[in-house]
Amino acid sequence: YVIKATNQDKPWDRFLIEQIAGDELVDWRNADSYSPETLELLTATGFLRNVLDATNEDISNLPFDRYEALFKLMERVSSSTMGMTLACARCHSHKFDPIPQTDYYRFLSLFTPAYNPSKWLPPKQRHLYTISPSQKAEHDRQTSLLAKARNQKKALRDATRKHVKAERLKKISESKREAVRKSIETPAAKRSPEQNQLAAKYESQLKVSDADINTALSEADQMKIAELDETIRSTEKFVASFSVQKVQALWDVDKPPTIRLLHRGDVDFAGPIVQPGFLSVLSTPDSSSAFSSKNITGKTSGLRLAFAEWLTRPDHPVTARVIVNRIWQHHFGRGIVATPGNFGATGARPTHPDLLDWLAVRFMKDGWSAKRLHKLIMTSSVYRQISKHTADTRDPENRLLGRMRLRRLDAESLRDAVILVSGQAD
């Protein structure tokens with residue numbers, strides 16, 4: 001999904017909305033079948049599934065572990081989209097921090113209808129399928145029918161096999177019959193020398209082939225097996241017509257649960273109830289509360305979509321700056337803000353604040369196009385500078401980009417280059 005979106009130059013605001021709330025943009029629960037767009041939107045939400053979560057086992061699926069996964073999700077979303085860590089506000093408010101502890105849990109509440117502490121889904125169960133729920137139900141029904149038909153056919157043939165074998169066993173003298181039967185039924189590795197002799201003498205005589213079974217089947221059994229074969233053929237064709245694969249998606253598993261502020265971040269010391277909301281430091285007083293988006297489709301809370309729409313508003317103070325800074329870092333080895341995941345008070349100051357603002361505005365005016373931003377940066381004079389070191393000591397760390405920075409080739413690119421040069425590239 002990410003590679004496809006990048007190649008298509010999907011507008012970055014739409015890119016974020018789909019990854020945060022793609023499931024809320026389409027009524028996938030009641031769809032007769034999934035369109036390519038529906039599958040793409042569900043796949044996009046896998047971004048919110050890639051956090052460390054240790055709740056797969058009973059011993060680690062406790063309230064503490066569930067909230068730990070939520071806290072890690074908070075860190076992932078806030079640092080990647082807003083350049084804010086938020087973690088300091090988890091346990092208590094800080095005197096000089098503009099993010100109070102209440103805001104932390106209001107923000108966390110945006111994601112709890114999906115990562116629901118009360119209706120928790122362990123990681124092994126957090127997936128949908130590439131077919132709709134109604135198709136999956138029919139697929140499962142047909143798969144069960146197929147297994148039943150195969151078992152019925154096997155039971156009929158096994159009964160006939162047993163009957164033929166019993167009739168052949170009767171032809172062996174009564175004094176040896178029981179010993180021969182036990183010898184044949186005993187695994188070869190566990191047979192005694194006497195049993196090996198009996199098995200060697202009578203095994204081929206008692207062996208029943210498929211052709212022997214076909215000959216011995218009664219007329220009624222033959223008709224029944226013919227009916228079962230027809231059922232098996234048609235059902236196999238139906239089951240094979242579906243490509244059923246798992247989609248690591250995110251969706252609301254139930255109505256929004258009650259979330260409380262946790263004193264010192266401890267689930268055993270719950271405080272007052274909090275309502276879902278955005279960070280007040282980035283909102284006006286009348287827009288900090290999160291309401292269900294008007295653009296939701298289907299049975300869902302709409303809280304994540306409301307957050308995604310708030311996050312991608314043209315007047316949002318950080319989103320465009322964070323993205324532009326990360327792209328700049330990709331090209332220059334260091335961002336205009338050297339701490340791309342932390343634009344807060346503890347992060348680095350921007351070396352060129354006016355440039356960061358100008359690029360952010362230009363980025364949005366260009367339709368949130370990453371490709372246009374790449375081109376703008378790579379055709380600029382600053383990007384096309386030589387990297388020769390001069391005797392000028394006014395900026396020894398080259399923070400102000402008086403020359404192009406030397407950049408180390410990363411390990412993955414080095415490995416790819418070696419494989420290509422050696423002729424082993426696939």
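Start your tour by selecting Cys88: at 45% relative accessibility it counts as partly exposed. On this scale buried means under 20% relative accessible area and exposed over 50%, with partly exposed in between (1.4 Å probe, protein chains only). Now add Cys91, which is partly exposed too, at 30% relative accessibility.

Before going on, a word on what you have loaded: this is a predicted model, where local features need pLDDT of at least 70, side-chain atom pairs count only at pLDDT 80 or more, and totals for chains, interfaces and linings use all residues. Residues are numbered from 1 along each chain as its sequence is written, and side-chain values use heavy atoms, with hydrogens and water left out.

**The cysteines**

Keep both cysteines on screen. How many disulfides are there? The count is 0, a disulfide being a pair of cysteine sulfur atoms within 2.5 Å. Draw a distance from the sulfur of Cys88 to the nearest cysteine sulfur, that of Cys91, and you should get 9.2 Å; Cys88 is in no disulfide. Cys91 is in no disulfide either, and the nearest sulfur for Cys91 is that of Cys88.

Just before Cys88, click on Ala87. Ala87 sits in the loop between helix H4 (63-81) and helix H5 (101-108); helices (H or I, at least four residues) and strands (E, at least two) are DSSP runs, numbered from the N terminus. With a relative accessible area of 42%, Ala87 is partly exposed. Select Glu309 as well: the pair is 222 residues apart in sequence and 23 Å apart in space, C-alpha to C-alpha.

**Zoom out**

Show the whole chain as a cartoon and you can look for 15 helices and 4 strands. The C-alpha trace spans about 110 × 60 × 40 Å along its principal axes. Its radius of gyration is 33 Å, whereas a compact globule of 426 residues would have one near 22 Å. That radius is taken over C-alpha atoms, and the globule rule is 2.2 Å times the number of residues to the power 0.38.

Colour by accessibility next: 41% of the 426 residues count as buried. Switch on a surface, and the chain exposes about 24,700 Å², with carbon and sulfur atoms supplying 54% of that. These areas come from the Shrake-Rupley method with a 1.4 Å probe; for residues, only the protein chains shown count as cover.

Contacts (heavy atoms within 4.5 Å) are worth a look too. Of those in the chain with a separation of 6 or more, 68% are between residues 24 or more positions apart.

**Two exposed loop residues**

Go to Asp32, in the loop between helix H2 (12-21) and helix H3 (36-44). Asp32 is exposed, with a relative accessible area of 64%. What does Asp32 touch, leaving aside its neighbours within four places in sequence? Its partners are Ser132, Ser134 and Gln135. Add Ile131: Asp32 and Ile131 are 99 residues apart in sequence and 8.9 Å apart in space, C-alpha to C-alpha.

For another view, jump to Ala189, in the loop between helix H7 (174-185) and helix H8 (193-206). Ala189 counts as exposed at 80% relative accessibility. Select Ile259 and draw the C-alpha to C-alpha line: 63 Å in space, for 70 residues in sequence from Ala189.

**Two positive phi angles**

Select Asp9, in the loop between helix H1 (2-7) and H2. Although Asp9 is not a glycine, its phi is positive, at about 55°.

Last stop: Trp368, in the loop between helix H13 (353-365) and helix H14 (370-378). Trp368 also has a positive phi, near 55°, in a residue other than glycine. Is Trp368 buried or exposed? Trp368 counts as buried, at 7% relative accessibility.
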